[in-house]
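I opened my notebook to look up a few things in this structure, one entry at a time. Here is what I wrote down.

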Amino acid sequence: MDATTTTTNNNNADQQMDAILAAILSEQQSSSQQSQSQSSPIIIGALSSMQQENKELEAAKELKSKGVTSILMMDAIVGDNEDVAYATFVVNGVMKKKSSTFNMTGLTGSTNGHFGGVASTISTMWERQKKAATAR
């Protein structure tokens with residue numbers, strides 16, 4: 001698959017996702033007008049984990065801004081030593097209202113790696129990605 005095909009597939013997927021979200025939000029608005037006593041629907045978006053250049057964080061924030069209430073990170077938890085660090089990285093990257101270009105946690109140990117934390121949203125190459133790249 002070449003870059004043009006990938007870009008086309010991504011654009012088609014974006015258009016499909018926009019159409020789905022628009023339909024869900026339209027349905028939500030019309031049903032909320034009919035009955036104020038009903039609870040809001042749960043809208044779940046699914047994304048591939050550990051994307052190049054942390055693109056999953058951008059995609060999750062975009063889905064969240066369009067009304068998605070929950071994000072499923074596929075293959076994020078696989079039973080290896082990166083599960084907790086990656087899950088923490090994603091939750092912090094999606095939920096915190098911080099700059100994507102500047103980040104300071106105040107935890108020296110986290111920043112320099114002594115605590116195993118990932119203090120920045122700078123593109124991270126996870127061990128799983130490294131193993132997959134060398135297996136190709």
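**Entry 1: Arg128 and its partners**

I began with Arg128, which counts as buried because its relative accessibility is 17%. My note on the terms: buried means under 20% relative accessible area, exposed means over 50%, and partly exposed is in between (1.4 Å probe, protein chains only). I also noted that this is a predicted model, where local features need pLDDT of at least 70, side-chain atom pairs count only at pLDDT 80 or more, and totals for chains, interfaces and linings use all residues. Residues are numbered from 1 along each chain as its sequence is written, and side-chain values use heavy atoms, with hydrogens and water left out.

Which residue forms a salt bridge with Arg128 with the closest N and O atoms 2.8 Å apart? I found Asp80 there. A salt bridge here is a side-chain nitrogen of Lys or Arg within 4 Å of a carboxyl oxygen of Asp or Glu. Arg128 sits in helix α5 and Asp80 in the loop between β2 and α3, so this pair ties together parts 48 residues apart in sequence. Helices (H or I, at least four residues) and strands (E, at least two) are DSSP runs, numbered from the N terminus. Asp80 is partly exposed, with a relative accessible area of 28%.

Arg128 forms a salt bridge with Glu82 as well, and there the closest N and O atoms are 3.7 Å apart. Glu82 is in the loop between β2 and α3, 46 residues from Arg128. Glu82 counts as buried, at 8% relative accessibility.

**Entry 2: More of helix α5**

I stayed in α5 and found Glu127 and Lys130, whose side chains meet in a salt bridge (3.4 Å, N to O). They are three residues apart in the helix, so about one helical turn separates them. Glu127 is partly exposed at 39% relative accessibility, and Lys130 is partly exposed at 37%. Back with Arg128, I saw that salt bridges sharing partners join Asp80, Glu82, Asp83 and Arg128 into one network. The structure holds six salt bridges.

Is Gln129 buried or exposed? I looked it up: at 10% relative accessibility, Gln129 counts as buried. A polar atom of the Gln129 side chain lies 2.8 Å from the backbone nitrogen of Trp126. Setting aside neighbours within four places in sequence, Gln129 is in contact (heavy atoms within 4.5 Å) with Met50, Gln51, Gln52 and Thr124.

**Entry 3: Strands β1 and β2**

Next I followed strand β1 (residues 44–48), where the side chains alternate. Gly45 and Leu47 point to one face and are buried, while Ile44, Ala46 and Ser48 point to the other and are not. Five bridges join β1 to strand β2 (residues 70–74), and the two run parallel; strands pair if DSSP finds at least two bridges between them. Ile44 stands opposite Ser70 in β2.

**Entry 4: The nonpolar core**

How many residues does the largest nonpolar core have? I noted 15, and those with the most contacts inside it are Met73, Tyr86, Phe89 and Val90. Such a core is a set of buried Ala, Val, Leu, Ile, Met, Phe, Trp, Tyr and Cys residues joined through side-chain atoms within 4.5 Å. Helix α3 (83–95) and helix α2 each supply at least two residues of this core, and α3 gives the most, with four.

How values were computed. A polar contact is a pair of N or O atoms within 3.5 Å; within protein, one must be able to donate a hydrogen and the other to accept it, and residues adjacent in sequence count only if both atoms are side-chain atoms.
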